[in-house]
Amino acid sequence: MNILAAQVIAKRVFSHLYIYLDIVFLVALIALLVFKKRYLTVLFGLFGGVLYMLVDYGIFHLAMHSRFIEGGNLFWVLLWMSLSYGITNFVLIWTWLSKDKHITEFTLFIIVWWIAAPMIAQSFGGSLPTVTIWRETKGYHGYMAIILLLGYAAAIVYNLLQKDKTRRLPLIRLLAIGIGVQFLWEFSLLVGGIRSDGFGWEQKLNTITVNSLLETNLGAVPIYCIYIAITSRFNENLSRRAVQLGFTQRIAELNAKKLRSVSAQQTTTVITEKEIETSPSEEVAYKKIKD
C-alpha cells in the first residue's frame, strides 16, 4: 500500500441541503467576525475563497481538466465549495497565526459546524437532489510538492542565517498549522460520509494523508510572510499601527506573544525603543502604546 501515491481521487457526495445550510453558516461566521472587529481576518478569509476558486476552477478544471461533477452545475458548486473552505480555512490560519485571544471559540465554531453539518443534511435532506463531485490529482500534486519544498527550504535557510533567535520563523508551529487545518476538515468530511463515498479505506486513508500533508501546508510559509507584512503596518480593525515595524521586528513581536493573552491582543510591541529609530512624534506614540 502506497499511502503517499501521486494519484489521489478527492471525491465528495452531498445533498443540496448541505449547500444551503453551509451558506447560512458562512454568513453567520463573517457576521461574528465583524461583530468582534476581526476585519483583517474577514478580508483574508474572503481572499482565501477567491484564491480557491481561481485555483479550483481556473487551474484544476479549465487548464488540467481534472474536475468532474454529477447532479449539479460545476461553476456554481465550485464557487460555493471554494468560498466555503477558502473562508473557513483561511480564517483558521489567520486566527492561529495571530494567536487571537478568542482562538478557541473561533476554532470550535468552525470545527463543530464541519462535524454537525453532514449529519444534519443527511437526516433532513434525503428528499433533495444529491451532488457528486471529484477531482484527480496525478497531474499536479508533484508541482504542489515542489512549492511545499521551496517554501520550507527558504524558511529553513533564513532561520539558519538569522542569528537572533527571537526573529526566526516558528517552523514547527507553521507545519502544525499547515497540516492541522487541512486535516481537520478532511477528517470531518470523511467521518460525515461526504469525502470519498464508496471508496475503500486504503483510498480514503490515501486521500486524507496526502491532502493533509500537502494542500494547505504548501502555503504555510508564504501565508505567514503575508501575515507578518500586513500586520507590521495595520491592526486587526484596519487602522494603521502607531509604530510600524520592520519584517523581522514583527516576527520577534509575534514570537513573544502568548496564546490567549488579553494584554497581548491589544496593539502593543515587545521590542525595545533602541530597536526602532523613530521621529519625535513616533516616539510619543510608541510610549502611549507601551503604557
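Q: What pattern do the helices and strands follow along the sequence?
A: Happy to start there. In this predicted model, the protein reads β-α-α-β-α-α-β-α-α-α-α-α-α-α along the sequence.

Q: And how many helices and strands is that?
A: The protein has 11 helices and three strands.

Q: OK, the strands then. What is their order in the sheet?
A: The order is β1-β3-β2, in an open sheet with antiparallel pairing. The edges are β1 (9-15) and β2 (67-70), each of which pairs on one side only. From one strand to the next, the twist averages 15°.

Q: Remind me, what holds paired strands of a sheet together?
A: Strands of a sheet pair through backbone hydrogen bonds, in either a parallel or an antiparallel way.

Q: How many bridges link β1 and β3 here?
A: Seven bridges, with β1 and β3 (residues 130-136) running in the antiparallel sense. Two of the partnerships, for your notes: Ser-15 has Thr-130 of β3 as its bridge partner, and Phe-14 has Val-131 of β3.

Q: Is β1 mostly covered or mostly open, given how many of its residues are buried?
A: Mostly covered: six of the seven residues in β1 are buried.

Q: Switching to charges. How many salt bridges turn up in the whole structure?
A: A search of the whole structure gives six. One of them joins the side chains of Arg-38 and Asp-100, at 2.6 Å from N to O.

Q: Where do Arg-38 and Asp-100 sit?
A: Both are in loops: Arg-38 is between α1 (16-35) and α2 (39-63), and Asp-100 is between α3 (74-98) and α4, so the pair ties together parts that are 62 residues apart in sequence. Arg-38 and Asp-100 are both buried.

Q: Nice, a buried pair. What does Asp-56 form a salt bridge with?
A: Its partner is Arg-67, and the closest N and O atoms of the two are 2.8 Å apart. Asp-56 belongs to helix α2 and Arg-67 to strand β2, so this pair ties together parts that are 11 residues apart in sequence. Asp-56 and Arg-67 are also buried.

Q: What about Arg-135, which residue does it bridge to?
A: Arg-135 forms a salt bridge with Glu-215, with 2.7 Å between the closest N and O atoms. Arg-135 lies in strand β3, while Glu-215 lies in the loop between α7 (201-214) and α8 (220-231), so parts that are 80 residues apart in sequence are tied together by the pair.

Q: Why does Arg-135 count as buried?
A: Because its relative accessibility is 4%, and the cut-off for buried is under 20%. Glu-215 counts as buried too, at 16%.

Q: Which residues are joined into one network by shared salt-bridge partners?
A: Arg-241, Arg-250 and Glu-253.

Q: Let's move to helix α4. Where does Ala-121 stand, buried or exposed?
A: Ala-121, which is in helix α4, is buried, with a relative accessible area of 5%.

Q: What does Ala-121 touch, leaving out residues up to four places away in sequence?
A: Ser-15, Leu-17, Tyr-18 and Gly-126. The Ser-15 in that list is the residue whose bridge partner in β3 is Thr-130. Also, the C-alpha atoms of Ala-121 and Tyr-20 are separated by 9.5 Å, with the two residues 101 apart along the chain.

Q: And Thr-107, which residues does it touch on the same basis?
A: Leaving out residues up to four places away in sequence, Thr-107 touches Leu-92 and Trp-96. Thr-107 is found in helix α4 and counts as buried at 12% relative accessibility.

Q: Now the surface. Which residues make the nonpolar patch?
A: Leu-32, Phe-35 and Phe-109 make a nonpolar surface patch of about 290 Å². Phe-109 is in helix α4 (residues 103-124).

Q: Why is Phe-109 classed as partly exposed?
A: Because its relative accessibility is 31%, and partly exposed covers values between 20% and 50%.

Q: Last one, the overall numbers. How much area does the protein expose?
A: About 14,500 Å², of which carbon and sulfur atoms supply 68%. Of the 291 residues, 47% are buried. As for contacts between residues at least 6 apart in sequence, 78% join residues at least 24 apart.

Definitions and conventions. Residues are numbered from 1 along each chain as its sequence is written. This is a predicted model: local features need pLDDT of at least 70, side-chain atom pairs count only at pLDDT 80 or more; totals for chains, interfaces and linings use all residues. Side-chain values use heavy atoms; hydrogens and water are left out. Patches are made of residues with over 30% relative accessible area and no salt bridge: like charges are joined within 9 Å, nonpolar side chains (Val, Leu, Ile, Met, Phe, Trp, Tyr) within 5 Å. Accessible areas come from the Shrake-Rupley method with a 1.4 Å probe; for residues, only the protein chains shown count as cover. A salt bridge is a side-chain nitrogen of Lys or Arg within 4 Å of a carboxyl oxygen of Asp or Glu. Helices (H or I, at least four residues) and strands (E, at least two) are DSSP runs, numbered from the N terminus. Buried means under 20% relative accessible area, exposed over 50%, partly exposed in between (1.4 Å probe, protein chains only). Two strands pair if DSSP finds at least two bridges between them. Axes are lines fitted to C-alpha atoms, for helices over the stretch in contact, and angles run from 0 to 180 degrees between N-to-C directions. Contact means heavy atoms within 4.5 Å.
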